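Here is a short tour of a few local features, with helix packing as the starting point. Keep the viewer open and follow along.

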Amino acid sequence: MMLVNIFITSSNREGPVSVPSWFLLLGLSTYVFGTIGSSLGEALGWTQTTWICDVLVDGWAPLALMFAVGYHVLSSVTKGPIWSGSLTKASMFLLFLTIPPFLLMPTDSDGTLLRNLAAILVTLGMLPVLAGAINMIATMRNDTSAVVKSPGALAVAAAAFLLPLYVILSFFFGLNVMVGDGSMSTLASHMDSSYLYTIGGLFALGALFHSYPLAASRDLAGNSSNWAVWLVIIGGVSYTAIGIMAGWVSDVTVGLEDTDGVI
């Protein structure tokens with residue numbers, strides 16, 4: 001019903017569809033059809049169909065919704081256009097043509113060609129994420145002081161700054177799980193949860209702190225919202241760093257014990 005409502009609202013627009021609206025429409029559409037396809041694949045035993053639909057639901061949909069929030073909040077707060085149209089198109093079209101390096105799962109295919117193709121698509125999947133992050137960071141230059149003063153924009157800006165780090169780490173650990181020997185499965189699982197809690201949490205705060213005052217026609221009370229943003233940043237980065245150290249010890253130590261018998 002939400003998707004139908006959004007389509008009806010977009011059809012009644014007076015101007016062209018904005019970039020955040022495109023991301024919202026594509027993200028929700030991907031989630032709906034991906035969920036249906038995954039359910040059918042599970043019921044009929046089509047493992048490859050299920051794997052592809054899971055990529056749509058776990059990879060494309062969350063990033064599309066995050067980009068929708070980021071582009072909308074930053075351009076609204078700074079009262080300026082999105083910095084680069086080329087990077088906007090790259091972050092939009094390449095996102096839905098590649099495999100994002102988040103929440104990757106092992107491939108069931110034994111074919112070398114398909115595994116290599118999946119690895120190439122995951123590598124290319126870093127490009128739209130990096131393009132979106134750079135574009136959002138550059139958009140802040142329209143009015144940096146307004147971004148710092150707005151809790152919602154501050155949360156989105158922090159997520160944009162942290163996103164390249166998370167995409168690079170998730171790429172290396174996730175690729176090992178998808179087409180490698182899976183020796184870094186603990187690290188990959190930790191990066192997936194860190195990405196959802198930290199990056200996803202910051203974009204969620206950005207949407208909440210920016211949209212709720214507009215809907216309620218009230219200002220956010222006190223400085224608690226700023227504290228919430230900083231607590232998510234500090235807690236998320238700390239959780240990520242500690243988990244990587246623990247996961248590295250777990251995965252690498254076990255791997256050395258299995259191969260050499262000694263550490």
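## Helix packing and local details

Helix 5 and helix 8 run roughly antiparallel to each other. This is a predicted model, and the geometry behind that statement is easy to follow: the two helices, residues 112-124 and residues 151-179, pack at an angle of about 165°, and angles over 145 degrees count as roughly antiparallel. Their axes are 11 Å apart, and helix 5 passes helix 8 in a right-handed crossing. On the helix 5 side, the contact is made by R115, A118, A119, V122 and T123; helix 8 contributes F171, L175, M178 and V179. Sorted by class, this contact has seven nonpolar residues, one polar and one charged.

Now move to the start of the chain. Which residues of helix 1 are buried? In this helix, residues 2-11, they are L3, I6 and S10. Viewed down the axis of helix 1, the buried residues fall within an arc of 60°, so they line one face of the helix. They pack against helix 2, which spans 19-44. The face of helix 1 turned away from the buried side carries the exposed residues T9 and S11.

T139 is worth a stop too. This residue lies in helix 6, residues 126-139, and T139 is buried, with a relative accessible area of 2%. Setting aside neighbours within four places in sequence, T139 is in contact with L74, S75, T78, P81, I82 and W83. In addition, the C-alpha atoms of T139 and A157 are separated by 9.6 Å, with the two residues 18 apart along the chain.

Finally, have a look at two backbone angles. Most residues other than glycine have a negative phi. Against that background, K79 has a positive phi, near 55°, and is a residue other than glycine. S217 also has a positive phi, of about 55°, although it is not a glycine. Where do K79 and S217 sit, and are they buried or exposed? The table gives the details.

| Residue | Phi | Loop between | Relative accessible area |
|---|---|---|---|
| K79 | near 55° | helix 3 (47-78) and helix 4 (85-93) | 74%, exposed |
| S217 | about 55° | helix 9 (185-216) and helix 10 (224-260) | 66%, exposed |

In words, K79 is an exposed residue in the loop between helix 3 and helix 4, while S217 is an exposed residue in the loop between helix 9 and helix 10.

Key: Residues are numbered from 1 along each chain as its sequence is written. This is a predicted model: local features need pLDDT of at least 70, side-chain atom pairs count only at pLDDT 80 or more; totals for chains, interfaces and linings use all residues. Side-chain values use heavy atoms; hydrogens and water are left out. Axes are lines fitted to C-alpha atoms, for helices over the stretch in contact, and angles run from 0 to 180 degrees between N-to-C directions. Helices (H or I, at least four residues) and strands (E, at least two) are DSSP runs, numbered from the N terminus. Angles under 35 degrees count as roughly parallel, over 145 as roughly antiparallel, 65 to 115 as roughly perpendicular and the rest as oblique. A crossing is left-handed if the near helix is turned anticlockwise from the far one by less than a right angle, and right-handed if clockwise. Contact means heavy atoms within 4.5 Å. Ala, Val, Leu, Ile, Met, Phe, Trp, Tyr, Cys and Pro count as nonpolar, Asp, Glu, Lys and Arg as charged, and the others, Gly among them, as polar. Buried means under 20% relative accessible area, exposed over 50%, partly exposed in between (1.4 Å probe, protein chains only). The arc is that of the directions from the helix axis to the C-beta atoms.
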